[in-house]
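Here are some exercises for you to try with the structure open beside you. Read each task, have a go on your own, and then follow the solution step by step.

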Amino acid sequence: NLRTHYTSQINPEELGDQKVTVAGWVHEVRDLGGICFVVLRDREGRAQITLVKKKTDPELLEQARKLVRESVVSITGSVKPEGKAPNGYELIPDEITVLNEADSPLPMDTTGKVEAELDTRLDSRFIDLRRERTTSIFRIRHEVLKAVRGYLTDNGFIETSSPKVVATATEGGTSLFPITYFDREAFLNQSPQLFKQILMSGGLDRVFEIGPIFRAEEHDTRRHLNEATSIDIEASFCDHFDVMEVLENMVAYIYEQVIENASDSLAVLGVELKVPAVPFKRVTYDEAIEIVNANTDEMLNWGDDLGTAAEHTIGEHVFKETGESHYFIIDWPTEIKPFYAMPYEDNPILSKGFDMMHRTMELSSGAQRIHIPELLVERIESQGLDPEGFEFYLKAFRYGMPPHSGWGIGCERLVMTMLGVDNIRDVVLFPRDRRRLSP
Ligand code: ATP
Ligand code: AMO
């Protein structure tokens, strides 16, 4: 047996004097002459292995003293209560097996004494993950995705998957990664958009997907990735306000679940979470423009898109007013929303598209969609796109397409804003950006 217990599973009251086997990395060897301490680290914590010179087989003691930091070992010993050791116990070892010896020096420091640059950490992610701080982020990400699946499943959504190799663009703004698909040109998908809409014609009624999206964003920012994880939903017989409710309630639920299930990880990161209050404030596009024009030198005209600086101004304004970081911007000009966003029937220059914002950045976009094929063709053309390329999509609208709505939220932006992380790369195990294609 290479392991019988995680270090955190050993209760000295229960297991006192019993034999256990722990396995993990050599965190530290402290040789004080008469006594030698080895600290073993596994995913769940640390254990102290104590070797008293007078009471230990000299060969075993010598082996312990020579352990190389960060090597992988399996150690069998008996449990002894010890108030000063991590988890209140120490192990008196019978046997130490080195499973894989680490080279030295290490590519980066693991003790947290020296804070390595992000690039260094990403180059050696396997070592970076041995730091509690880094692991905590990915434990929280797991809780976030678990909460998403739970929330959406409980609300009648079916989990689906759409192809990532596609023939057309969906999100006009950003560019595509072309790939070779046998003898044809193809692209990596920017969004499940067209497919999740087709599923509405299929009658799946409420679907969600958690999957990669690819965007050939040229710029190098703290909040853009070239490969991101998108959480998407689509729901039939709903308007945009209905799916906005799903979104805000889901976000509040995610925060609750993270607080409930990942309090240790939050503590490691020094983050005190507050569940966002629902409903989130709804700011209209017109109000957003007014806020920017009243509070900054920037003069926005009706019809302009909101840039990064404008988003910050609006975010701060809403935060001052409500004490909340999350809010919606609704009633956007139809012209600056994607072709699939439904214009208001009584005022078609405005669309039923919305953005869900965090004080610091956009988190999500969504809309009620156009379900009328003639109007959809008109909108595709007016955005300078060729409806012919969308035939596989348009076909689904001609044989019984219900009114429907949906949204997409970036998982990484959700996690980074939750944890107050500055750089999106910190919340991705192996980020893809302009410069980084490996590991
Ligand atoms: P879209 O949904 O339009 O494809 P997005 O989801 O990537 O964009 P963001 O990137 O958050 O949304 O864009 C928010 C705003 O920030 C946009 O109005 C955009 O013009 C602006 N923006 C995007 N990239 C940069 C950049 N590198 N520097 C400054 N502003 C930027
Ligand atoms: P949008 O293009 O706004 O909308 O994308 C939705 C959300 O996905 C995240 N996101 C990104 N995160 C990191 N790096 C990127 N390059 C990146 N691009 C997008 C953001 C963004 O708010 N089809 C629509 C959604 C819909 O209407 O259902 C769409 O893709 O958090």
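**Exercise 1: The chain as a whole**

How many helices and how many strands are there in the chain?

*Solution.*
Step 1. Keep in mind that you are looking at a predicted model.
Step 2. Go along the chain and count the elements: there are 13 helices and 18 strands.
Step 3. Now look at the extent of the chain. Its C-alpha trace spans about 90 × 55 × 40 Å along the principal axes.
Step 4. Turn to burial. A residue is called buried when its relative accessible area is under 20%, and 50% of the 439 residues of the chain count as buried.
Step 5. Finish with the surface: the chain exposes about 21100 Å², and carbon and sulfur atoms supply 50% of that area.

**Exercise 2: The surroundings of ligand 2**

Describe the residues around ligand 2, and find out which element gives the most to the shell.

*Solution.*
Step 1. Start with the neighbours. There are 24 residues around ligand 2, and those that come nearest are Q193, R215, E362, S365 and R369.
Step 2. Sort the shell by residue type: seven residues are nonpolar, nine are polar and eight are charged.
Step 3. Look for polar atoms facing the ligand. In Y340, a polar side-chain atom lies 3.1 Å from a nitrogen atom of ligand 2. The backbone takes part too: a polar backbone atom of L363 is 2.8 Å from an oxygen atom of ligand 2, and a backbone N or O atom of S364 lies 3.3 Å from an oxygen atom of the ligand.
Step 4. Check the cover. On its own, ligand 2 has 630 Å² of accessible area, and the protein covers 93% of this.
Step 5. Assign the shell to elements. Those that give two or more residues are α6 (193-201), β17 (361-368) and β18 (404-410). With five residues, β17 gives the most.

**Exercise 3: The surroundings of ligand 1**

How many residues surround ligand 1, and which are the closest?

*Solution.*
Step 1. Count the neighbours: twelve residues surround ligand 1, and the closest are R223, H224, L306, T308 and R413.
Step 2. Sort them by type. The shell has one nonpolar, six polar and five charged residues.
Step 3. Take the polar atoms one by one. A polar side-chain atom of R223 lies 2.9 Å from an oxygen atom of ligand 1. A polar backbone atom of L306 is 2.7 Å from an oxygen atom of the ligand. In the side chain of T308, an N or O atom is 2.7 Å from a nitrogen atom of ligand 1.
Step 4. Look at the cover: the protein covers 63% of the 620 Å² of accessible area that ligand 1 has on its own.

**Exercise 4: The buried side of a helix**

Which residues of α6 are buried, and what covers them?

*Solution.*
Step 1. List the buried residues of α6: Q193, L194, K196, Q197 and M200.
Step 2. Ask how they are placed around the helix. They cover an arc of only 170° around the axis, so they lie on the same side of α6.
Step 3. Recall a general rule: an α-helix has 3.6 residues a turn, so residues three or four places apart point the same way.
Step 4. Find the cover. It includes β10 (206-214), β11 (227-236), α12 (391-394) and β18.

**Exercise 5: Unusual backbone spots**

Where are the cis peptide bonds joining V278 to P279 and S438 to P439, and which residues have a positive phi although they are not glycine?

*Solution.*
Step 1. Begin with the usual case: most residues other than glycine have a negative phi, and most peptide bonds are trans.
Step 2. Locate the cis bonds. The one between V278 and P279 has an omega of about -5°, and P279 is in the loop between α8 (263-269) and β12 (281-284). The one from S438 to P439 has omega near 0°, and P439 is in the segment after α13 (411-419).
Step 3. Now check phi. F182 has a positive phi of about 55° although it is not a glycine; F182 lies in the loop between β8 (178-181) and β9 (184-188). D205, also not a glycine, has a positive phi of about 70° and sits in the loop between α6 and β10.
Step 4. Compare accessibility with the cut-off for exposed, which is over 50%. F182 counts as exposed at 69% relative accessibility, while D205 counts as partly exposed at 30%.

How values were computed
Residues numbered from 1 in each chain as written. Chains lettered and ligands numbered in written order. Predicted model: local features only at pLDDT ≥ 70, side-chain atom pairs only at ≥ 80, totals over all residues. Heavy atoms only, no water. Near = heavy atom within 4 Å. Polar contact = N/O pair within 3.5 Å; in protein donor to acceptor, adjacent residues only side chain to side chain. Areas by Shrake-Rupley, 256 points an atom, 1.4 Å probe, with all protein chains shown as cover. Helix = DSSP H or I, 4+ residues; strand = E, 2+ residues; numbered from the N terminus. Nonpolar A, V, L, I, M, F, W, Y, C, P; charged D, E, K, R; others polar. Buried < 20%, exposed > 50% of the residue type's maximum accessible area, 1.4 Å probe, protein only. Arc of directions from axis to C-beta. Contact = heavy atoms within 4.5 Å.
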